[in-house]
Amino acid sequence: MQVNDAYTPQTAIEGVMHAFTRIGRRLKAKQPGDTIDHSAHIALFALRCSGALRLSELAARMELDASTTSRHVRALEQLGLVRRSPDPADGRAFRVELTEQGIEQWEDNARRRMELLSTALEGWSEEDVETFGRLMTRFADAVTARIEAPPGMAWADKGWAAMQAAGRPQDSAPGADDDAARGNTEQNLESTT
């Protein structure tokens, strides 16, 4: 049994949060065949979507501080997945970019995760998958709209568009506050720590 698999949500909102926690934890874990960890995958994803970036830009996209991002870049450099090149706009600075090996590594990792999701959706009708995709996109858009995102955050959408060239309907989701759900969630979170 996993840490919070025994938890029973008290409301529908708690159920959504619990499901996302379980899915997120498993998608961040190394999958069979992965050779890099989740944070390295995120760095490769940012570079795949945006092209060469200054270290400060990469740190902002990963939502990490510069020193942590620098450690990630050094590790990825040692693996031959990224390289530094002079910044044409400022000779004192450098940009980080993917190598061919880095592109292949990101695509392999993304492919494994797409296969995992495809396998998880086996037995679902095409209509159910389309409805699920539309609702997940609607939910992701609503969450993103409510969180103050740094400029240029749309880079994440570009990477998956490269993997899956498909249009998404832009629905809007109504927001709702549920104090009882929030209280139950806080109690359940405290009980798991």
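**The cavity**

Begin with the enclosed space in this predicted model. A search of the whole structure finds one cavity of 30 Å³ or more, and the space in the largest cavity comes to about 30 Å³. To see what surrounds it, select K28, A29, K30, D34, I36, D37, H38, H41, N109 and R113, which form its lining. Colour these residues by class: five are charged, three polar and two nonpolar. Two elements, α2 and α5, each give two or more residues to this lining.

**The nonpolar core**

Next, show helix α2, residues 38-50, together with α3 (55-62), α4 (66-78), β3 (90-98) and α5 (100-120). Each of these elements gives two or more residues to the largest nonpolar core, a set of 21 residues. Which element gives the most? That is α2, with seven residues. Now select L44, L47, L58, V73, L76, V82 and L98, the residues with the most contacts inside the core. In soluble globular proteins, nonpolar side chains tend to be buried together.

**L98**

Keep L98 selected and hide its neighbours within four places in sequence. What is L98 in contact with once those are left aside? The list is L44, L47, R48, L81, V82, R83 and I103. Two of these partners, R48 and R83, are arginines.

**The strands**

Turn to β3 and add strand β2, residues 82-87. The two strands run antiparallel and are joined by six bridges. Look also at the turn of the chain from one to the other: β2 and β3 form a hairpin, with two residues between them.

Then add strand β1, residues 53-54. It pairs with β3 in the antiparallel sense, over two bridges. Select V96 in β3 to find where these pairings come together. V96 is the bridge partner of L53, and R84 also stands opposite V96. In a regular strand the side chains alternate between the two faces of the sheet.

**F132**

For the last stop, select F132 in helix α6, which covers residues 126-146. Is F132 buried, exposed or partly exposed? F132 has a relative accessible area of 36%, and therefore counts as partly exposed, since that value lies between the 20% limit for buried and the 50% limit for exposed.

Show L121 and W124 as well: apart from neighbours within four places in sequence, these are the residues in contact with F132. To finish, draw a line from the C-alpha of F132 to that of L121. It spans 10.0 Å, and the two residues are eleven apart in sequence.

Notes: Residues are numbered from 1 along each chain as its sequence is written. This is a predicted model: local features need pLDDT of at least 70, side-chain atom pairs count only at pLDDT 80 or more; totals for chains, interfaces and linings use all residues. Side-chain values use heavy atoms; hydrogens and water are left out. A nonpolar core is a set of buried Ala, Val, Leu, Ile, Met, Phe, Trp, Tyr and Cys residues joined through side-chain atoms within 4.5 Å. Buried means under 20% relative accessible area, exposed over 50%, partly exposed in between (1.4 Å probe, protein chains only). Helices (H or I, at least four residues) and strands (E, at least two) are DSSP runs, numbered from the N terminus. Contact means heavy atoms within 4.5 Å. On a 1 Å grid over the protein atoms alone, a cavity is a set of points where a 1.4 Å probe fits but cannot get out, and a pocket is an open set with protein on both sides within 12 Å along at least five of seven lines; lining residues have an atom within 4 Å of a point. Grid points are joined across faces, edges and corners, and a volume is the space filled by probe spheres set on the points. Ala, Val, Leu, Ile, Met, Phe, Trp, Tyr, Cys and Pro count as nonpolar, Asp, Glu, Lys and Arg as charged, and the others, Gly among them, as polar. Two strands pair if DSSP finds at least two bridges between them.
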